[in-house]
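Reader: I would like to learn how to read a model like this one. Please take the features in turn, with the general idea before the case.

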Amino acid sequence: MRRAEPDIPPRPGGWTRDDLEAAVVDAVTEWITPLIPAGAPEGFCRVEAPGGCG
């Protein structure tokens, strides 16, 4: 059975806000990748954080 959501690690004490943001963007990318139509042109859909990530 496929889970609807990937595992998200807890925020370790040493993580910065940027580290957490990068982890969230990676998780969201994993969630939506299966929703992008096969053969979609490059740039059809992208995931980014306001102001960039990292």
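Reader: What should the 16 residues of helix H1 span, and how far apart are its end C-alpha atoms?

Author: First, the ground rules. This is a predicted model, in which local features need pLDDT of at least 70 and side-chain atom pairs count only at pLDDT 80 or more, while totals for chains, interfaces and linings use all residues. Residues are numbered from 1 along each chain as its sequence is written, and side-chain values use heavy atoms, with hydrogens and water left out.

Author: Helices (H or I, at least four residues) and strands (E, at least two) are DSSP runs, numbered from the N terminus. The expected span of a helix is 1.5 Å times one less than its number of residues. For H1, residues 17-32, that gives 22 Å; the end C-alpha atoms lie 23 Å apart, which agrees.

Reader: How many helices and strands does the protein have?

Author: It has 1 helix and 0 strands.

Reader: Which residues of H1 are buried?

Author: Buried means under 20% relative accessible area, exposed over 50%, and partly exposed in between (1.4 Å probe, protein chains only). In H1, the buried residues are Ala23, Val25 and Ala27. Across the protein, buried residues make up 9% of the 54 residues.

Reader: How much area does the protein expose, and what share of it do carbon and sulfur atoms supply?

Author: Accessible areas come from the Shrake-Rupley method with a 1.4 Å probe; for residues, only the protein chains shown count as cover. The protein exposes about 4,700 Å², and carbon and sulfur atoms supply 56% of that.

Reader: Why does Val28 count as partly exposed?

Author: Val28 is in helix H1, and counts as partly exposed because its relative accessibility is 26%. Its C-alpha is 9.5 Å from that of Glu48, 20 residues apart in sequence.

Reader: Where is Asp7 placed, and is Asp7 buried or exposed?

Author: Asp7 sits in the segment before H1 and, at 63% relative accessibility, is exposed. The C-alpha atoms of Asp7 and Ala27 are separated by 8.1 Å, at 20 residues apart along the chain.

Reader: Where is Arg46 found?

Author: Arg46 belongs to the segment after H1. Its relative accessibility of 64% makes Arg46 exposed. Arg46 and Thr29 are 17 residues apart in sequence, with 8.2 Å from C-alpha to C-alpha.
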